[in-house]
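Here is a briefing on one protein model. Keep the sequence and the structure open while you read.

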Amino acid sequence: EALAPYKTKRAIFIAAGFGSRMRPVTLQIAKPLVKVNGVRIIDKLIDGVMAVGIEEIYVVCGYLGEQFAQLKEKYPNINLVTNNMYSEANNISSVYLLRDRLSNTYISEADLLLHNQVFDKYMFYSSYLGIPTDETDDWYFKTNDRGTICELGIGSRDCYRMLGISYWDAEDGAKLNEHVAATFHMPGGKDEDWCYVPLVSFKDAYHVYVRECAMDDIEEIDTYDELCAIDPSYQNFGK
């Protein structure tokens with residue numbers, strides 16, 4: 001009973017994007033549905049949240065959205081949400097569609113290749129996954145003396161490499177409902193990456209911690225060459 005307020009209620013997977021850097025594969029297959037060594041990328045993520053008892057699962061799809069119906073064969077209880085704005089707005093549009101379901105919720109990019117469990121049944125604070133690093137040219141964040149995220153950007157030293165899996169507690173999820181909608185309706189708001197809402201635009205309203213993980217836990221496959229390096233069977237794709 002004491003842990004009940006901290007139980008993770010749901011997971012939202014953002015899967016609406018084009019995955020353009022992984023062409024030619026993503027000309028035919030939505031990126032989260034690409035199989036890596038025989039397993040779809042998104043399957044490992046869904047299996048990860050289900051393993052800790054999360055049953056309320058949403059997949060927000062857009063580009064090649066009809067392909068995601070195949071997930072219902074293996075996961076009949078997942079909820080598929082169509083984002084018709086995917087070609088004209090950033091990923092904030094996907095979060096906007098489910099803005100009233102962000103409390104006690106994981107929000108995750110759907111194209112991360114999960115190797116080890118990073119999801120928990122109980123969470124006690126809002127957080128983002130990050131890998132400690134001496135230097136990165138990718139998205140990063142830094143923390144203050146309290147251990148909460150105070151800086152977000154691209155390329156830095158002595159920082160955390162940002163991974164697109166976050167958790168939002170009950171209080172912060174309620175704030176996000178309001179702040180995501182406010183940002184979305186601002187001039188230019190539809191072009192924002194959704195993480196800017198709590199980490200930049202309204203950062204004074206949140207205390208978001210970093211949950212450390214290792215390079216071996218999650219792999220980001222951004223380009224076709226990176227996919228071929230992990231799974232050589234794609235080297236002659238489409239030929």
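E171 and K175 join their side chains in a salt bridge, with N and O 3.6 Å apart. The two residues are four apart in helix α4 (residues 170–184), so about one helical turn separates them. This is a predicted model. The points below cover its salt bridges, its largest pocket, a surface patch and some backbone features.

**Salt bridges**

- The structure holds 13 salt bridges.
- Side chains of opposite charge can pair when their charged atoms come close.
- In the α4 pair, E171 is exposed at 55% relative accessibility, whereas K175 is partly exposed at 24%.
- One network, built from salt bridges that share partners, takes in R40, D43, D47 and K74.
- Within it, the side chains of K74 and D43 meet at 3.2 Å, N to O.
- K74 belongs to helix α2 (residues 71–74) and D43 to helix α1 (residues 41–51), so this salt bridge ties together parts that are 31 residues apart in sequence.
- The two partners differ in exposure: D43 is buried, with a relative accessible area of 4%, while K74 is partly exposed at 44%.
- The cut-off for buried is under 20% relative accessible area, so the 4% of D43 falls in that class.
- R157 and E135 form another salt bridge, and their closest N and O atoms are 3.8 Å apart.
- That pair links distant parts of the chain, with R157 in strand β9 and E135 in strand β8, 22 residues apart.
- Both R157 and E135 are exposed.

**Largest pocket**

- The largest pocket has a volume of about 1000 Å³.
- Its lining has 36 residues, and those closest to the pocket centre are N90, N91, E109, D111 and D193.
- Which elements give two or more residues to the lining of the largest pocket? They are β1, α3 (92–97), β6 (105–109), β8 (127–143) and β9 (149–168).
- By residue class, the lining of the largest pocket divides into 18 nonpolar, ten polar and eight charged residues.
- Strands β8 and β9 thus appear twice in this briefing: they contribute to the pocket lining, and they carry E135 and R157.

**Surface patch**

- A nonpolar patch lies on the surface, formed by L3, Y6, F124, Y125 and Y209.
- Together these residues have about 460 Å² of accessible area.
- L3 sits in the segment before β1 (10–15).
- L3 is partly exposed, with a relative accessible area of 39%.
- Patch residues need over 30% relative accessible area, so L3 at 39% meets that cut-off.

**Backbone features**

- R23 and P24 are joined by a cis peptide bond, with omega of about 15°.
- P24 is in the loop between β1 and β2 (35–36).
- Which residue in the loop between β2 and β3 (39–40) deserves a look? N37 is placed there, and its phi is near 50°, a positive value in a residue other than glycine.
- N37 counts as exposed, at 53% relative accessibility.
- D158 also has a positive phi, near 50°, and is a residue other than glycine.
- D158 lies in strand β9.
- D158 is exposed, with a relative accessible area of 63%. The cut-off for exposed is over 50%, so D158 belongs to that class.

Conventions:
Residues numbered from 1 in each chain as written. Predicted model: local features only at pLDDT ≥ 70, side-chain atom pairs only at ≥ 80, totals over all residues. Heavy atoms only, no water. Patch = residues over 30% accessible without salt bridge, like charges linked within 9 Å, V, L, I, M, F, W, Y side chains within 5 Å. Areas by Shrake-Rupley, 256 points an atom, 1.4 Å probe, with all protein chains shown as cover. Salt bridge = Lys/Arg side-chain N within 4 Å of Asp/Glu carboxyl O. Buried < 20%, exposed > 50% of the residue type's maximum accessible area, 1.4 Å probe, protein only. 1 Å grid on protein atoms, 1.4 Å probe; cavity = no way out; pocket = protein on both sides within 12 Å on 5 of 7 lines; lining within 4 Å. Points joined across faces, edges and corners; volume = space filled by probe spheres on them. Nonpolar A, V, L, I, M, F, W, Y, C, P; charged D, E, K, R; others polar.
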